[in-house]
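Here's a quick tour of a fold, one piece at a time. Have the viewer open and follow along.

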Amino acid sequence: MSPSDATPSSPPATSAPTSAPLVLPRTGIGTDVHAFAAADSGTPLRLACLDWPGEIGLAGHSDGDVVAHACCDALFSAAALGDLGSNFGTAEPQWKGAAGSALLAEAARRVRAAGFEIGNIAVQLVGERPRIAPRMAEATAALSRAAAAPVHFSATTTDHLGFLGRAEGLLAIATALVYPVDPSARP
C-alpha cells in the first residue's frame, strides 16, 4: 500500500449555499484618572453619573466623572472612533463642565451612528473614597440609563498604596463590547 492509498479521498466539490458574513463583536478598553480638587474649591463630586454630597470633587475639564469617562473611552475604542480627548477635548468649549452622563449618552449615540450596537460595558472604580457599596445599584442604573445599554459597575481599593491609596485621586478602567449592526458599516 502506498502512502497515497492511505489518504482518504476528498469529497466531491459542491457549491455551498452562500451564508451571511460572520459578524464578530469588538472590544474596547478605556481608562480615566483625575486628581481630587482642592478641599476648599467647593467642587462637587460627580461619580458614576451620580452626585455625592459632602465629598470633594475631581478636577477636570468636564465634571471629572472618571467612571463615565472610562466608559466613553472603552466605547470609542471598540468602535475605532478615537478616544475621549479626540471626541470631547479641552479645545471644545461646549464640553467644559459637562456631566459624565451627558458625555456617556453622546458617546453611545456616536457609536450607534457609526453602525454599532452596544452589547455591554464593564467598569471598575479604583480608590479609597467615597464608599461605593451603599450606592452600587443606583450607580449601575444611572450608568446603564446614560449608555442605554447594560453597564456592570464595581469598585476596589489599592489597600492604601500609591496616589490612589493616599486618596489623591480616582481611577476607572472599563471594557466595552460592541457589534456591527450592518457589517458593511465597520470602520
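His69 counts as buried, because its relative accessibility is 3% and the cut-off for buried is under 20%. Bear in mind that this is a predicted model. His69 sits in helix H2. Leaving out residues up to four places away in sequence, what does His69 touch? The list is Asp32, His34, Ser62, Asp63, Gly64, Leu84 and Leu103.

Leu103 brings us to helix H4, since His69 and Leu103 both turn up in the contact of H2 with H4. On the H2 side you'll find Ala68, His69, Cys71, Cys72, Leu75 and Phe76, and they meet Gly100, Leu103, Leu104, Ala107, Ala108, Arg110 and Val111 of H4. Sorted by class, that contact holds ten nonpolar, two polar and one charged residues. The axes of H2 and H4 are 9 Å apart and make an angle of about 10 degrees, so H2 is roughly parallel to H4.

Now for the sheet. Four strands make up an open sheet with mixed pairing, in the order S1-S6-S4-S5. Strand S1 (26-35) and strand S5 (151-156) are the edges, each pairing on one side only. On average, neighbouring strands are turned by 15 degrees against each other, direction ignored. Strands S4 (residues 116-126) and S6 (residues 169-180) pair antiparallel over ten bridges, and there Ile118 stands opposite Val178 in S6.

Two helices lie across strands of this sheet, as follows:

| Helix | Lies across | Angle |
|---|---|---|
| H4 (residues 100-113) | S4 and S6 | about 145 degrees to S4 |
| H5 (residues 136-147) | S4 and S5 | about 140 degrees to S5 |

That leaves the core. The largest nonpolar core has 47 residues, and those touching the most other members are Leu47, Val67, Leu75, Ile121, Val123, Leu143 and Phe153. Which helix gives this core its largest share? Helix H2 (residues 66-78) does, with ten residues.

Val123 is a handy place to see the pieces come together. Setting aside neighbours within four places in sequence, Val123 is in contact with Val67, Ala70 and Cys71, among others. Its contacts also include Leu143, the run Val151, His152, Phe153 and Ser154, and then Ala172, Ile173 and Ala174. Of these partners, Val67, Leu143 and Phe153 are named with Val123 among the core residues that touch the most other members.

Technical notes
Residues are numbered from 1 along each chain as its sequence is written. This is a predicted model: local features need pLDDT of at least 70, side-chain atom pairs count only at pLDDT 80 or more; totals for chains, interfaces and linings use all residues. Side-chain values use heavy atoms; hydrogens and water are left out. Two strands pair if DSSP finds at least two bridges between them. Helices (H or I, at least four residues) and strands (E, at least two) are DSSP runs, numbered from the N terminus. Axes are lines fitted to C-alpha atoms, for helices over the stretch in contact, and angles run from 0 to 180 degrees between N-to-C directions. Contact means heavy atoms within 4.5 Å. A nonpolar core is a set of buried Ala, Val, Leu, Ile, Met, Phe, Trp, Tyr and Cys residues joined through side-chain atoms within 4.5 Å. Buried means under 20% relative accessible area, exposed over 50%, partly exposed in between (1.4 Å probe, protein chains only). Angles under 35 degrees count as roughly parallel, over 145 as roughly antiparallel, 65 to 115 as roughly perpendicular and the rest as oblique. Ala, Val, Leu, Ile, Met, Phe, Trp, Tyr, Cys and Pro count as nonpolar, Asp, Glu, Lys and Arg as charged, and the others, Gly among them, as polar.
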